[in-house]
Amino acid sequence: MHHHVVPPQYADDSMPIKLPDTERQLESMDDWHIQAAITSLTPRVVLKNLHRLRAVARDCNEFQARRSLEHPSRFGAFALLPLPDVDHALEELTYALDILHLDGVGVFSSVSDCYLGDEKLDPVFDELNRRKAVVFIHPAHCEAPEHTRLHAPPFVVEYVFDTTRAVVNLIYSGTFKRCPDIRFIVAHCGGTVPFLAQRMAMMERHRGAQGVTDVLPTLRSLYYEVASATSRFALRSLQELVNTTQVLWGSDLPFVYGTRLREEVEHWEQYDGFDAAARADIERRNALKIFPRLAGLL
């Protein structure tokens, strides 16, 4: 559920690794016993191309569509939208879903200081809701403000908290409740959402969050994938929040690979909180219910 691709023309030195071609990605998937992957774009592509997002989104979506067409049982795809440009995002949404037939939409927690849940994005989410679309929420590539002098690698804290801010804003703005037919998948176990769920629910009684209701039921209605969150610390917290029907497997290939991915898999295999049926649901069956196209091919 969490597998990145980058068109060759954007695979420059801004990427942390040398990106594999399609055949190498398929070989890697086989090595990790991954039968199919729903691909999405890394936020690094957006960050470096903020001045031409419309063209980048089109290139990325057509690239993903070609891969899915060439390997229909191995790849699905989340479309990239040129947010926060709403007009062109709606245009690309129509093209990606109606012409390219991609499987859903991938959005980043924030772009150019505009977080998901911002009212300017309402037309896009209303259209996604009308289509009953699948929406994958991935953290932005962000760093702590320079004046804080916090220089730890951003994946440690910044990515997961940016995801959390987006989820909180989607609750605060009423977007989740206004768009009940979108199936949202939140990356990395929801960032810090499971741990902070009860604190988020305190908004219901706060004068500064009037109109916020049903926070915990809303959080329980989301899907959460577990890339880089397979330790017992994260999974135990997630299990307290949602049923196993809402949990999905994710690898974060190719950016998580080798020893680090092996450790993630070992944590997953050693975790004692899921029985065999729950593991089968998380590793396969839950995803196939969301993506019936793949269910007919696997």
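Buried means under 20% relative accessible area. That cut-off applies to the close-up views below, which come from a predicted model.

**View A. Strand β2 is mostly covered.** The strand spans residues 37-41, and 5 of its 5 residues are buried. A37, T39 and L41 point one way from β2. I38 and S40 point the other way. Side chains in a regular strand alternate between the two faces of the sheet. Residues of both sets in β2 are buried.

**View B. Strand β2 pairs with β1 and with β3.** Strand β1 covers residues 3-5. It runs parallel to β2, and 3 bridges join the two. Across this pairing, H3 stands opposite T39 of β2. Strand β3 covers residues 75-80. Here too the strands run parallel, with 3 bridges between β2 and β3. I38 has G76 of β3 as its bridge partner.

**View C. A β-α-β unit includes β2.** The unit is made of β1, helix α1 and β2. Helix α1 spans residues 22-31. The unit is right-handed.

**View D. N286 is buried in helix α12.** The helix runs over residues 276-290. N286 has a relative accessible area of 2%, so this residue counts as buried under the 20% cut-off. The N286 side chain reaches the backbone oxygen of T244 at 2.8 Å. Leaving aside neighbours within four places in sequence, N286 is in contact with T244, T245, Q246, V247, L248 and D281. T244 thus appears both in this contact list and as the residue whose backbone oxygen the side chain reaches.

**View E. C114 and C142 are not bonded to each other.** The sulfur of C114 has its closest cysteine sulfur in C142, 14 Å away. Seen from C142, the closest cysteine sulfur is that of C114. A disulfide needs two cysteine sulfur atoms within 2.5 Å. At 14 Å, the C114 and C142 sulfurs are therefore too far apart for a bond. A search of the whole structure finds 0 disulfides. Both cysteines are buried: C114 has 7% relative accessibility, and C142 has 15%.

Notes: Residues numbered from 1 in each chain as written. Predicted model: local features only at pLDDT ≥ 70, side-chain atom pairs only at ≥ 80, totals over all residues. Heavy atoms only, no water. Helix = DSSP H or I, 4+ residues; strand = E, 2+ residues; numbered from the N terminus. Buried < 20%, exposed > 50% of the residue type's maximum accessible area, 1.4 Å probe, protein only. Polar contact = N/O pair within 3.5 Å; in protein donor to acceptor, adjacent residues only side chain to side chain. Contact = heavy atoms within 4.5 Å. Pairing = 2+ DSSP bridges. Right-handed = clockwise from strand over helix to strand, strands pointing away.
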